[in-house]
Amino acid sequence: MSGPRRVAVVDVGTNSTRLLVADVSDGRVSEVERQSRVTRLGRGVDLSGQLSNEAVEAVCEAVADYVSIYREAGAEAVEAIATSAVRDASNGDAFIAELRERFALSARVLDGEEEARLTYLGATSERPPAEPTVVIDIGGGSTELVAGVGEEIAFHASLQAGVVRHTERHIGADPPTAIELESLAADVRGLIADVLADQPGAKAAAGIAVAGTPTSLAAIEMELEPYDPSRVHGHMLSLDSIQHMLSRLASIPLAERVAITGLHPDRAPTIVAGVVILVEAMRAFELDRIEVSEHDILYGVALAQLASDRG
């Protein structure tokens with residue numbers, strides 16, 4: 001048995017840029033520091049195909065702070081990952097080069113398969129599921145669906161559906177109209193139906209949801225102020241409750257949504273699209289409840305990094 005190793009993971013996502021500093025040992029991740037900042041790197045990418053200068057600068061400001069934090073914390077190894085927005089953008093390579101030049105950070109752009117594997121690893125490492133379980137990770141530009149039992153993945157898909165992408169694609173009114181919401185839901189429903197067709201492994205008796213949409217819903221349901229990850233982690237959300245919250249969130253303008261207890265104001269502009277995606281994913285897998293997890297791809301990368309270092 002080896003002693004713990006302190007690692008840092010920087011996740012440059014489509015909607016947020018996040019940091020995990022943790023001590024990792026024997027399949028366990030003990031958080032030392034965790035931060036998240038909504039930077040919206042993917043704003044406009046669906047239309048323009050490019051990362052904007054403002055968005056790149058917002059990410060770099062966050063990364064500069066994170067570098068100071070993980071250096072001060074004494075991280076022995078650092079891994080940076082980038083996902084949907086950087087995959088899709090024509091200037092994604094230039095952005096990766098900028099991170100390397102400014103921060104000596106070599107970010108890895110994950111493909112959908114690797115993103116799915118690491119998400120499942122992170123979400124299930126603490127308690128590998130004994131029954132078929134789907135992990136739903138709703139990002140800014142893509143949504144990962146990963147089904148498996150124990151440590152074995154039976155099915156995975158990366159959907160081109162995310163909270164930033166689908167807000168930009170479908171929602172123009174404030175609050176959104178019923179027609180906009182139905183258009184958004186139909187788009188997501190079609191994307192899910194396409195990836196589930198003829199996939200015998202795409203079955204689940206239980207579900208785990210990670211990332212900002214489900215954690216926000218848990219915080220709203222429990223009226224958490226301030227946010228408490230220890231209470232959010234493991235919280236069960238029913239489909240009925242999620243649908244009630246969707247009705248509430250979608251019926252009020254952004255100026256009122258930002259004031260809802262439990263919802264971080266930075267997530268208010270895109271939360272409606274995220275909840276629609278979650279509802280459609282749960283319906284597709286016939287789930288009437290889902291477990292919220294704080295253990296996501298950050299945990300998966302930390303565990304995989306330790307395994308590869310010692311491999």
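What is the volume of the largest pocket? In this predicted model, the largest pocket has a volume of about 1000 Å³, and the report below takes up its lining before turning to a helix pair that involves one of its lining elements and then to the enclosed cavities.

**The largest pocket**

A total of 49 residues line the largest pocket, and those nearest its centre are Arg18, Ser36, Gly212, Thr215 and Arg267. Strands and helices both contribute, since β2 (16-25), β3 (28-38), β6 (133-138), α8 (212-222) and α9 (229-232) each give at least two residues to the lining. The largest share is that of β3, which supplies 6 residues. Sorted by class, the lining of this pocket holds 23 polar residues, together with 13 nonpolar and 13 charged ones.

**The packing of α8 against α10**

Helix α8, one of the elements that line the largest pocket, also packs against α10 (residues 239-251), with an angle of about 85° and a distance of 11 Å between the two axes. Because angles of 65 to 115 degrees count as roughly perpendicular, α8 is described as roughly perpendicular to α10. On the α8 side the contact is made by Leu217, Ile220 and Glu221, while α10 contributes Ser241, Ile242, Met245, Arg248 and Leu249. By class, the residues of this contact comprise 5 nonpolar, 1 polar and 2 charged.

**The cavities**

Apart from the open pocket, the model contains 2 cavities of 30 Å³ or more, and their volumes and linings by class are set out here.

| Cavity | Volume | Lining by class |
|---|---|---|
| Largest cavity | about 70 Å³ | 2 nonpolar, 3 polar and 3 charged residues |
| Second largest cavity | about 60 Å³ | 3 nonpolar, 4 polar and 4 charged residues |

The largest cavity is lined by Ala123, Thr124, Glu126, Arg127, Ile208, His233, Glu291 and Ser293, and the elements that each supply at least two residues of that lining include helix α5 (112-124) and strand β11 (289-293).

Around the second largest cavity the lining consists of Thr14, Gly42, Val45, Asp46, Ser84, Ala85, Asp88, Gly141, Val164, Arg165 and Glu168. The elements that give two or more residues to this second lining are α1 (45-48), α3 (84-88) and α6 (163-170).

Notes. Residues numbered from 1 in each chain as written. Predicted model: local features only at pLDDT ≥ 70, side-chain atom pairs only at ≥ 80, totals over all residues. Heavy atoms only, no water. 1 Å grid on protein atoms, 1.4 Å probe; cavity = no way out; pocket = protein on both sides within 12 Å on 5 of 7 lines; lining within 4 Å. Points joined across faces, edges and corners; volume = space filled by probe spheres on them. Helix = DSSP H or I, 4+ residues; strand = E, 2+ residues; numbered from the N terminus. Nonpolar A, V, L, I, M, F, W, Y, C, P; charged D, E, K, R; others polar. Axes fitted to C-alpha atoms, helices over the stretch in contact; angles between N-to-C directions. Parallel < 35°, antiparallel > 145°, perpendicular 65-115°, else oblique. Contact = heavy atoms within 4.5 Å.
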